[in-house]
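Hi,

Here is the structure I promised to pass on. Have a look at it first, then read my notes underneath.

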Amino acid sequence: MYVSVPGTLNTCCEFADFFEAKMAAVWKATANSGVSTELQPTTEVFDHFETCTSTEVNAVITTAPSKSCEMDPIPTDVLKKFLPELLPYITDICNSSLQQGSFPLSQRHAIIRPRLKKPGSDPSDVQNYRPVSNLTFVSKVVEKLVCHQLVSFFERLKILPTLQSAYRMNHSTETVVLKVITDVLCAADRGKVTLLCMLDLSCAFDSVDHGVLLDRLRCAFGVQGVAISWIESFLQDRTQSISPTNSRLQ
């Protein structure tokens, strides 16, 4: 099998090897780094997921983008069109996964589509691509249901960092900018000099240590039992295949 990209010929293995080597380099560079922050353990415990209602599942599906994956049995827009008939079955599938504490192995596969980082970049150089994972629609629905329950628990206990402005309702990049500008202006009013340091971390999400993540969820956030088992299965035994967009596979 090979992939025909305009102006060059890169195989699927070349893309996969490059993405893997890039991550290996990041891991190697941070291998001797210790844990830099310590979180106080919570006394509360989140050891299971509540059964989701069809109304909750319906809300997640109808508000999700109508994007489809090659592994979806039917296109997402068709699923939404016949949602009244399919909703009971999808709800049962989601609840079965949550109650059993296991994310189905069939839903852990991703189709990776390399995308050029910048228009006009040399398409023959694999370093000019970033991997974009395409997952099944149902897997993203289950993930969203889990996220809702976990975030609700964290916010109720007020254990999320106060100034974390990403991936939280009403906490966006706009609120970050407003906070920074406010701090700078207040410092200027007091006659102080402001120094702003910004970091761009390479492969920030891909380089998250799963072991550290699970330990912190258990110890600092109180996630245990079936809930932590589900998250562990969600992270383990992931597989992928390369299928570039607008390319010809042979």
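Below is what turned up around one pocket and one helix.

This is a predicted model, where local features need pLDDT of at least 70 and side-chain atom pairs count only at pLDDT 80 or more, while totals for chains, interfaces and linings use all residues. Residues are numbered from 1 along each chain as its sequence is written, and side-chain values use heavy atoms, with hydrogens and water left out.

Let's start with helix 4 (83-100); helices here are DSSP runs of H or I, at least four residues, numbered from the N terminus. Its 18 residues should span 26 Å at 1.5 Å a residue (times one less than the number of residues), and the end C-alpha atoms are 25 Å apart, which agrees. Among its buried residues (under 20% relative accessible area, 1.4 Å probe, protein chains only) are L87, I90, C94 and L98. Why does that spacing make sense? An α-helix has 3.6 residues a turn, so residues three or four places apart point the same way. Right after helix 4 comes G101, with a positive phi near 70°.

Next door in the numbering, T76 lies in helix 3. Is T76 buried or exposed? T76 counts as buried because its relative accessibility is 1%. Leaving aside neighbours within four places in sequence, T76 is in contact (heavy atoms within 4.5 Å) with P65, S66, K67, S68 and F137.

Happy browsing!

Methods. Helices (H or I, at least four residues) and strands (E, at least two) are DSSP runs, numbered from the N terminus. Buried means under 20% relative accessible area, exposed over 50%, partly exposed in between (1.4 Å probe, protein chains only).
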